[in-house]
Amino acid sequence: MLDFGLLEVAAFSLAFLACFGARAQEADGPPAKGIQDNSFLIEEAYNQEPGVVQHITAAQKQGRDWFLTFTQEIPLGSQDHQFSYTLPYSFLRANGRRPSGFGDVQVNYRYQAQYETDVLPAIAPRFSLILPTGNSFKGVGEGSHGFDTNFAFSKVVSDRVTLHANVGWTTLLDVNGRRPTSPSIGASAVYAVTRDFNVLFEAVAESQAQVDETSRITRDNTLTLSPGFRYALNFPNLADLQVVMGAAAPITLSKQKPDYGAFLYLSFEHKMLK
């Protein structure tokens, strides 16, 4: 019921706010630039500006399981370099068991290889170190060091439309003596109904490698389609604070029947240094 409720809320919000979409535009740029770097499943190619930090909390329901993450993004001197870390927590409810706990921490570095221009997209490759902090016996960790690499591309193609694309892979260094690698590719389109309200559609294809008890690598190929929306509250007198709230209803397709989920998002972005 929650999954379809999110779609109903998104549709109602879009219909309500679209009535005001024809109002005069603000003087500080097109609506598409009102909310940036706040996608859900897709990574946008915009690093944090100098002195601006972002705190992101996300909750995703897939099947009967819930996955929580907290991410903090911090610029390193300039917008060219960005450090971040991700802390995951899982509530697993499948197979009659109810384990929960912190998962594998990711430490991330992202480089702003290219800034967006009128012609060229923004490009930001990221490299992440995976630390085996989760309990693999409870199923909340992989039990191996690893790394994750992603190349993000973003381009504002009109006053209201932004396109994003991701290509990446995850490699675990030692799982039962094997080194599984899981590639992924994704894309999204974001439509700015107003500067403060966006609807978005994301798609992610993954080929997740798993190592069984006999050290044989198997693969689970999935395609996730996720419609959603996001809304921003701006407080220029509070260190330029921007609060972004959002929700989506991801549908994961695989060899099994479709898996309907839910995604909730909350971000606080503000200046830390003058």
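Mentor: Contact here means heavy atoms within 4.5 Å. Keep that in mind as we go, and remember that this is a predicted model.

Trainee: Thanks! Which residues is Thr162 in contact with, leaving aside its neighbours within four places in sequence?

Mentor: Start with its place in the fold: Thr162 lies in strand S8, residues 161-172. Its relative accessibility is 5%, and buried means under 20%, so Thr162 counts as buried. Beyond its neighbours within four places in sequence, its contacts are Ala32, Tyr46, Lys155, Val156, Ser188, Ala189 and Val190.

Trainee: Is Ala165 buried or partly exposed?

Mentor: Ala165 is found in strand S8 too. Residues up to four places away in sequence aside, Ala165 touches Phe151, Ala152, Phe153, Gly186 and Ala187. Its relative accessibility is 28%, and buried needs under 20% while exposed needs over 50%. Ala165 therefore counts as partly exposed.

Trainee: How many Å separate Ala165 and Ile123 in space, C-alpha to C-alpha?

Mentor: Along the sequence, these two are 42 residues apart. In space, the C-alpha to C-alpha distance between Ala165 and Ile123 is 9.7 Å.

Trainee: Let me step back for a moment. How many strands does the protein have?

Mentor: We have met S8, the strand that holds Thr162. Counting along the whole protein gives one helix, and the strands number 14.

Trainee: What share of the residues counts as buried?

Mentor: The protein exposes about 14500 Å², with carbon and sulfur atoms supplying 62% of that area. There are 274 residues, and the share that counts as buried is 42%.

Trainee: Among contacts between residues at least 6 apart in sequence, what percentage joins residues at least 24 apart?

Mentor: Ser39 gives a feel for such pairings: not counting residues up to four places away, it touches Glu44, His164, Glu202, Arg230 and Tyr265. For the protein, the percentage of these contacts that joins residues at least 24 apart is 55%.

Trainee: Which strands each supply at least two residues of the largest nonpolar core?

Mentor: In soluble globular proteins, nonpolar side chains tend to be buried together. Here the largest nonpolar core has 11 residues: Ile35, Phe40, Ile56, Ala58, Val190, Leu200, Ala232, Val244, Ala248, Phe263 and Tyr265. The strands that each supply at least two of them are S1 (52-62), S12 (241-248) and S14 (259-271).

Trainee: How many residues are in the other core that lies apart from it?

Mentor: Its members include Ala32, Tyr46, Ala152 and Val156. Altogether, the number of residues in this other core is seven.

Trainee: Val190 was on the list for the largest core. What is its relative accessible area?

Mentor: Val190 lies in strand S9, residues 181-194. Not counting residues up to four places away in sequence, Val190 touches Arg160, Val161, Thr162, His164, Asn198, Val199, Leu200 and Arg230. Val190 is buried, with a relative accessible area of 3%.

Trainee: Where is Ser39 found?

Mentor: Ser39 is buried, with a relative accessible area of 9%. Its C-alpha atom is 8.3 Å from that of Leu200, although the two are 161 residues apart along the chain. As for its place, Ser39 is found in the loop between H1 and S1.

Trainee: What is the phi of Asp37?

Mentor: Asp37 is in the loop between helix H1 (2-18) and S1. It is buried, at 10% relative accessible area. Although Asp37 is not a glycine, its phi is positive, at about 65°.

Trainee: And what is the phi of Ala239?

Mentor: Ala239 lies in the loop between strand S11 (217-235) and S12. With 38% relative accessibility, Ala239 counts as partly exposed. Its phi is also a positive value in a residue other than glycine, near 55°.

Trainee: Now the second largest pocket: which strand gives the most to its lining?

Mentor: This pocket has a volume of about 930 Å³. Of its 33 lining residues, the closest to the centre are Lys33, Gly34, Gln36, Glu49 and Gln242. Strand S7 (146-156), S12 and S14 each supply at least two lining residues. With three residues, the strand that gives the most is S14.

Trainee: Last one: how many charged residues are in that lining?

Mentor: The lining of the second largest pocket mixes classes, with nine nonpolar and 11 polar residues. Its charged residues number 13.

Methods. Residues numbered from 1 in each chain as written. Predicted model: local features only at pLDDT ≥ 70, side-chain atom pairs only at ≥ 80, totals over all residues. Heavy atoms only, no water. Core = buried A, V, L, I, M, F, W, Y, C linked by side-chain atoms within 4.5 Å. Buried < 20%, exposed > 50% of the residue type's maximum accessible area, 1.4 Å probe, protein only. Helix = DSSP H or I, 4+ residues; strand = E, 2+ residues; numbered from the N terminus. 1 Å grid on protein atoms, 1.4 Å probe; cavity = no way out; pocket = protein on both sides within 12 Å on 5 of 7 lines; lining within 4 Å. Points joined across faces, edges and corners; volume = space filled by probe spheres on them. Nonpolar A, V, L, I, M, F, W, Y, C, P; charged D, E, K, R; others polar. Areas by Shrake-Rupley, 256 points an atom, 1.4 Å probe, with all protein chains shown as cover.
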